[in-house]
Amino acid sequence: MVSKRKSRVAKEEKKEEPPPAPTIAAQPQGIGQYLWCACHGDVQSDMEDVELENLWEEVLTKTGASAVMDPFYRDDWHETFEAFDVSKGLDDAYASASGAMSPRDAPPPPDDNRRSPGGTPRMSVRFKNFFLAAPNAAAKKAERDEKRKEDAITIDMFDCSAEIGRGAFSTVHLARKIAEPHRGRLFAIKRVDKSGANVEARAKKERQVLSLCRGSPFTLHCRFAFQDESSRYIVTDYYAGGSLEDQLSCAKNRCFAEKRARYHGVEILLAIKHMHEQGVCHRDVKLENMLMQSDGHVVVADMGFAKTKVEFCEERLRTFCGTIECVAPELLRGQPYGFMVDWWAFGILLFQMVVGKTPFHHENPRQMFSWILKSPPPTNEKRTSKALLATVTQLLRKEAKTRLGYGKAGAADVMASPLFHGLSFSKMAIKGIEPPFKPKVVDLS
């Protein structure tokens with residue numbers, strides 16, 4: 001009995017500990033491929049995005065590689081060949097600096113994305129064979145590099161004029177492109193100063209989120225992204241109608257008719273639905289971040305607080321962020337949260353468009369937080385219909401799991417709420433219904 005007990009204890013002591021987070025030393029082979037794939041979801045990684053970005057920066061520093069290899073800022077890195085080609089060069093640079101074996105000399109990995117016994121994520125054979133099968137790879141790479149230099153976008157290609165927005169570490173300017181392609185077209189350029197703490201990482205993250213969400217006509221579209229020594233630039237379409245907050249302040253009685261609010265609400269709802277399907281939690285849904293096009297349609301903008309890789313029915317986010325009048329109760333309680341903070345803010349936004357103020361507004365922030373945590377939304381507003389109040393009340397339930405929009409069918413449940421009865425979402429999704437309002441736009445040509 002004693003010997004059996006000892007052997008059982010010995011076996012328990014031999015249990016393998018989980019592998020540590022990858023570092024330069026732990027990943028001497030294929031570090032470039034690993035990083036690119038992990039950042040783009042081609043391998044399973046337990047690392048947070050910020051950790052991956054920090055690891056990438058460490059590789060660039062240790063190998064002396066150029067920062068233009070930054071995977072978060074290259075549109076053409078979506079192509080497998082392009083990604084492998086650049087990351088292979090980075091691997092070779094690392095191998096020569098560390099004396100490690102180049103990944104090209106290593107045996108081909110199995111055709112899956114699981115971790116090896118040592119904890120190293122494996123690349124797929126499909127990914128490796130794609131590169132090995134490419135003819136005249138060196139000549140094609142030189143041709144692409146030359147084309148990239150010719151097509152490089154710089155700030156000198158834009159004539160920046162009026163400042164149309166400002167944040168703590170960024171400014172947004174109206175700019176006209178003075179070079180082909182799109183010569184003469186107006187854009188909005190967001191310039192992010194690299195000197196701020198964690199600001200550059202947020203700019204990279206915003207670029208990633210814009211790429212993930214570009215499949216919807218109701219989310220902000222990034223046209224160009226580039227950088228220089230001091231700043232990062234994100235170039236988007238220019239939305240001449242301004243924000244919904246601007247429109248609300250100019251409206252009669254500083255509020256919208258319910259028909260108009262419902263129309264804008266549907267487009268915002270479709271944008272949130274698309275973002276959630278891409279695993280993106282916006283975390284700062286508010287009127288100021290809803291921009292109006294010259295034709296009256298609305299897009300969701302400002303992805304600076306957005307978080308990626310969020311799952312339905314998952315509450316794992318903890319960062320306190322957003323706008324205080326739109327912040328959900330779970331954030332004030334310090335609880336982990338997920339997609340439901342966006343649906344809470346959507347309820348705030350619907351109420352604000354019709355009434356002209358947020359439902360828990362108070363000059364004293366402490367009192368406002370108390371109302372957010374304990375009080376129901378007002379039900380005695382004359383401008384609100386029963387359908388609007390019913391939808392808003394369900395969206396503003398204090399417990400996230402009982403709130404309208406919870407679960408995988410969340411957006412469908414919101415679409416089925418009383419406020420949106422009778423609307424054709426299929427037509428709305430393709431802009432098939434004329435907007436009830438078009439802004440007066442100044443011709444800047």
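For sorting residues into classes, Ala, Val, Leu, Ile, Met, Phe, Trp, Tyr, Cys and Pro count as nonpolar, Asp, Glu, Lys and Arg as charged, and the others, Gly among them, as polar. Keep that at hand for the exercises below, and remember that the model is predicted.

**Exercise 1. Cavities**

Find how many cavities of 30 Å³ or more the whole structure holds, then describe the lining of the second largest cavity by class.

*Solution.*
- Step 1: Searching the whole structure turns up two cavities of 30 Å³ or more.
- Step 2: Turn to the second largest cavity, which holds about 70 Å³ of space. Its lining is made up of 14 residues, and Phe312, Cys313, Phe339, Met340 and Gly407 are the ones nearest its centre.
- Step 3: Sort that lining: six residues are nonpolar, five are polar and three are charged.
- Step 4: Now do the same for the largest cavity, with a volume of about 100 Å³. It is lined by 13 residues, and Arg283, Cys321, Gly322, Cys326 and Val327 are the closest to its centre. Here the classes come out as nine nonpolar, two polar and two charged.

**Exercise 2. A helix pair**

Work out how helix H9 (residues 258-277) and helix H11 (residues 340-355) are arranged, starting from the angle at which their axes cross.

*Solution.*
- Step 1: The two axes come within 9 Å of each other and cross at roughly 165°.
- Step 2: Angles over 145 degrees count as roughly antiparallel, so H9 is roughly antiparallel to H11.
- Step 3: Add the handedness: the crossing of H9 with H11 is right-handed.
- Step 4: List who touches whom. H9 contributes Glu258, Ala261, His264, Gly265, Ile268, Leu269, Ile272 and His276, while H11 contributes Asp342, Trp343, Phe346, Leu349, Leu350, Met353 and Val354.
- Step 5: Sort the contact between H9 and H11 by class, and you get 10 nonpolar, three polar and two charged residues.

**Exercise 3. Backbone details in two loops**

Determine whether the peptide bond from glutamate 180 to proline 181 is cis or trans, and locate arginine 254 and the sign of its phi.

*Solution.*
- Step 1: Look at omega for the bond from glutamate 180 to proline 181: the value is near -5°, and the bond is cis.
- Step 2: Place proline 181 in the fold: this residue sits in the loop that joins strand S2 (170-177) and strand S3 (186-193).
- Step 3: Move on to arginine 254, in the loop between helix H8 (244-250) and H9.
- Step 4: Read its phi: arginine 254 has a positive value of about 55°, although the residue is not a glycine.

Conventions: Residues numbered from 1 in each chain as written. Predicted model: local features only at pLDDT ≥ 70, side-chain atom pairs only at ≥ 80, totals over all residues. Heavy atoms only, no water. Axes fitted to C-alpha atoms, helices over the stretch in contact; angles between N-to-C directions. Helix = DSSP H or I, 4+ residues; strand = E, 2+ residues; numbered from the N terminus. Parallel < 35°, antiparallel > 145°, perpendicular 65-115°, else oblique. Left-handed = near helix turned anticlockwise from the far one by under 90°. Contact = heavy atoms within 4.5 Å. 1 Å grid on protein atoms, 1.4 Å probe; cavity = no way out; pocket = protein on both sides within 12 Å on 5 of 7 lines; lining within 4 Å. Points joined across faces, edges and corners; volume = space filled by probe spheres on them.
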